[in-house]
Number of protein chains: 2
Amino acid sequence: MQLTDLRTPCVLVDRVRLERNIDRMQAAADARKVRLRPHAKTHKSPDIARVQTGRGAVGICCAKLGEAEVFARAGLADIRLPYPLHFSNADRLLALQDLAMLSFIVDDLEVARGWSSALHAAGSRVDVLVKVDVGFHRCGIDPDAEGAAALVARVAELPGLRFRGLLSHAGHAYGATSEHETAAMAATERRLLTTLAERVRALGVEVEEISVGSTPTARFSLQQDDITELRPGNYVYYDRTQVALGSATWDDCALTVLARVVSRPAPDRVILDSGSKTLTNDVARGSGETRGFGAVLEDLESTAPDPALVIERLSEEHANVRDSAGTRTLVPGDLVRIVPNHSCVVSNLVDRVYVVDGMRVEDELDVEARGRIT
Amino acid sequence: MQLTDLRTPCVLVDRVRLERNIDRMQAAADARKVRLRPHAKTHKSPDIARVQTGRGAVGICCAKLGEAEVFARAGLADIRLPYPLHFSNADRLLALQDLAMLSFIVDDLEVARGWSSALHAAGSRVDVLVKVDVGFHRCGIDPDAEGAAALVARVAELPGLRFRGLLSHAGHAYGATSEHETAAMAATERRLLTTLAERVRALGVEVEEISVGSTPTARFSLQQDDITELRPGNYVYYDRTQVALGSATWDDCALTVLARVVSRPAPDRVILDSGSKTLTNDVARGSGETRGFGAVLEDLESTAPDPALVIERLSEEHANVRDSAGTRTLVPGDLVRIVPNHSCVVSNLVDRVYVVDGMRVEDELDVEARGRIT
């Protein structure tokens, strides 16, 4: 089967690039003796997770227990949830423990106590890390706060929990406007984590793990000492944002959307069948040319965007593309290939992706953990 | 079962408001003797579509053949696709004809010819309308163009197609900044359609249908003569955008997201478990207060937003809420209810919604046509 035989729109994954991305990140982590634990949210596929662990990843990450349930049932044996799970989900976590080694994070002493009670009462003990805010200002304890080390120490002594270390996510690196800024964010992250770890150790508490994870900072975190674990997710597919952030080249982008021209109502306007139900309204981050809702490639076999085509607007089932050059004569029925702004959210919208090699469709892959939001 | 028993995040549909919204739009259409043909993209549920047809809707609309396949197999007998389908899908349309009466739109003579050949060769004849651009500048022919009426007449004489009339979507009404502007858009829409219809009739072609459809313009279109069909979709649920556009009140909003506080890392910052995988990054349209990714209600039983809480930022599984007043002491584990910016895209993210009456959970409803993008 060829690309041209597929119903559109649909999501394509280039197998060669996918495997190259997996191998390259694994090799970089191995060279530094850092444990790689990819976040599975990007692909949501146990098949791809098994490729990652097969090449050396120590396990995977999931955001929610619903995702962990899918991966644990598919045989993934070591699953970390870098998410501030609430203890009202203790029954679900306990039910999964027979299938996989689980760990999660806390950033609140009351929540940690709730987990401690529930797990201890069930005769269980689960690995836990304390989430540290290193500048993204989402979850996490403030590492500069006076009581930060004491809070970690109190978590570490709770029954039912086995304290493993500190964990952070430099999500603010998606707002970096230069490589220099991204590098500085990774350096600050390391400093905040190691400084807090030393304060915790001074209280007599062992800190075995320093876990960081974000694709834009990964290459800089790998140049630093003291990091024990890396948790990038997006690197399997990359996307337009990662190219704009300098994490990848266009040739690394393994996930694309295949779309069809359905209307050509004006010389400068092309309408595609890929709307926000396929591409999402996520905007591109990073520097340089980031207008529009994805980059339309020059042709089906190219990896280079056509600068004349800008996806200006999405409806749910339509993309309005401005064709400023008019050098391409796209007409209804023609196919185009798009690198989306954000690949993780695109794979969450489809039940399956098509694995391709060049123009050939090799396989279909179920996005088994799609939509597992709880 | 009560709301408080549900895993979060999840999508709630208030049954009383849903039925009231359906009844009110049906009554308004009936009073004007306009045929109501709701767009099913908002709910994607055959069960809700059957409520709509049971109350008097003449049929439904679907955007893509994949949606039509779900609704036709569920027994919906009259399905219109106001989408510029490409004739490479002729096999799928022909296969559905045994199950339902289908119709679709064209806005391109070459595409119409492609459909004509495919349908005529199969011994079939399918209802078709010509899509007219009334200002949204997405699909549709330019009604002011010199050859517009002649193009419609040429479509009308193609074998395999049964020309029914003209169809438009005033999607630009989502950009209106006042009721007056919305009313003017509806008036322009009617004028463009009826003027073109007269020109087509002058060529000896019958124009039986003048079909318009968008929830913001619906109440104004219903005050006009010559409209034969109304195709609103969003009115079943409404959302924050419709309130900002004056199409609905907060008390009409039937779809809400139930979310849980998972972290409270700072006095002014609350983190919820409903990220872009639940709320989407769609922004609110309309005038007034439209900052943020949804309106957090005062409490679980209120329909009024809490002005102190702004959903400033979404990650895939987190919402960053700024609590400017600090008057509510939300802590991890607490539940909140959110009116999303755009209800259609929210229901597309979940496999099921929970039908509620007040705090009581009455039923689960599968979103059967979720993710049918082809």
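1. What radius of gyration would a compact globule with 374 residues have, and what does chain A have? The expected value is near 21 Å and chain A has 22 Å, which agrees; the radius is taken over C-alpha atoms, and the globule rule is 2.2 Å times the number of residues to the power 0.38.

2. This is a predicted model, in which local features need pLDDT of at least 70 and side-chain atom pairs count only at pLDDT 80 or more, while totals for chains, interfaces and linings use all residues. Residues are numbered from 1 along each chain as its sequence is written, with chains lettered from A and ligands numbered from 1 in the order in which they are written.

3. Chain A has 11 helices and 17 strands, these being DSSP runs numbered from the N terminus (helices H or I, at least four residues; strands E, at least two). Along the principal axes, the C-alpha atoms of chain A fill a box of roughly 70 × 40 × 35 Å.

4. At the interface, 49 residues of chain B are in contact with 48 residues of chain A, contact requiring C-beta atoms, placed from the backbone, within 7 Å. The largest share of the side of chain B that touches chain A, five residues, comes from strand 10 of chain B.

5. A rotation of 180° with 0.0 Å of shift along its axis superposes chain B on chain A, with RMSD 0.0 Å, by least squares on the C-alpha atoms of residues with pLDDT of at least 70 in both. The two copies are thus related as by a two-fold rotation axis, and in chain B the C-alpha nearest the axis, 2.9 Å from it, belongs to N281(B).

Definitions and conventions
Two residues are in contact if their C-beta atoms, placed from the backbone, lie within 7 Å.
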